[in-house]
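Student: Please take a close look at one part of this protein with me, the largest pocket, and explain each term as you go.
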Amino acid sequence: MANAYRKKDFDKLMVKVDKVDHRVKEYLEDAGEITSYTKDTLRRRFEEVLIINASKSSKMDVVPSSGFIFSVYEAGRRYIVCPEWKVCSCGRFQLDEIPCAYAIVVLKKKNVKDMHSYCSDYYKPDALTKTYKIPMVQMTNKEDWSAPARCGS
């Protein structure tokens with residue numbers, strides 16, 4: 001399907017996928033919606049993490065507790081999310097510094113289209129560029145190095 005250039009060809013392949021397993025077709029349709037919540041401002045691996053987390057969020061219910069705190073229900077479990085503080089009771093949001101599935105469902109509920117402001121700057125290509133912005137001075141030949149004397153020598 002990735003190589004289909006015409007919509008008609010893509011649609012034919014989707015019909016075949018649906019016949020094999022309708023869940024795969026649903027997943028692909030959800031992924032298409034999810035990609036609209038992402039842009040190409042994260043490094044590829046982290047963009048994929050964001051998309052995977054978004055796909056996990058499709059079967060969750062959100063109940064606002066206040067203007068800033070939300071309860072997210074999934075399979076009988078409750079998670080507390082505060083997107084403004086980048087915190088979720090599952091611990092992933094604050095540990096990974098990228099929205100977990102529970103945070104994403106809350107952000108979708110709040111009609112947030114760009115999830116990148118909730119991701120750490122370390123995941124953005126610009127962070128790597130800034131890391132090497134300071135010029136590095138090449139070291140001289142190893143023979144010219146002077147090592148400090150060891151203690152007790």
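Tutor: Ala, Val, Leu, Ile, Met, Phe, Trp, Tyr, Cys and Pro count as nonpolar, Asp, Glu, Lys and Arg as charged, and the others, Gly among them, as polar. By these classes, the lining of the largest pocket has 10 nonpolar, 1 polar and 5 charged residues. This is a predicted model, in which local features need pLDDT of at least 70, side-chain atom pairs count only at pLDDT 80 or more, and totals for chains, interfaces and linings use all residues. Residues are numbered from 1 along each chain as its sequence is written, and side-chain values use heavy atoms, leaving out hydrogens and water.

The largest pocket (an open set of points on a 1 Å grid over the protein atoms alone where a 1.4 Å probe fits, with protein on both sides within 12 Å along at least five of seven lines) holds about 240 Å³ of space, a volume filled by probe spheres set on the points. Its lining (residues with an atom within 4 Å of a point) consists of 16 residues, and Val49, Asn53, Lys56, Arg92 and Asp96 are the closest to the centre. Two or more lining residues come from each of α3, α4 and α5 (helices are DSSP runs of H or I with at least four residues, strands runs of E with at least two, numbered from the N terminus), and α3 gives the most, with 6 residues.

Of these helices, α5 is mostly covered, with 8 of its 9 residues buried (under 20% relative accessible area with a 1.4 Å probe, protein chains only). Those buried residues, including Tyr102 and Val105, pack against α3 and α4, among other elements (contact means heavy atoms within 4.5 Å).

Terms used: Buried means under 20% relative accessible area, exposed over 50%, partly exposed in between (1.4 Å probe, protein chains only).
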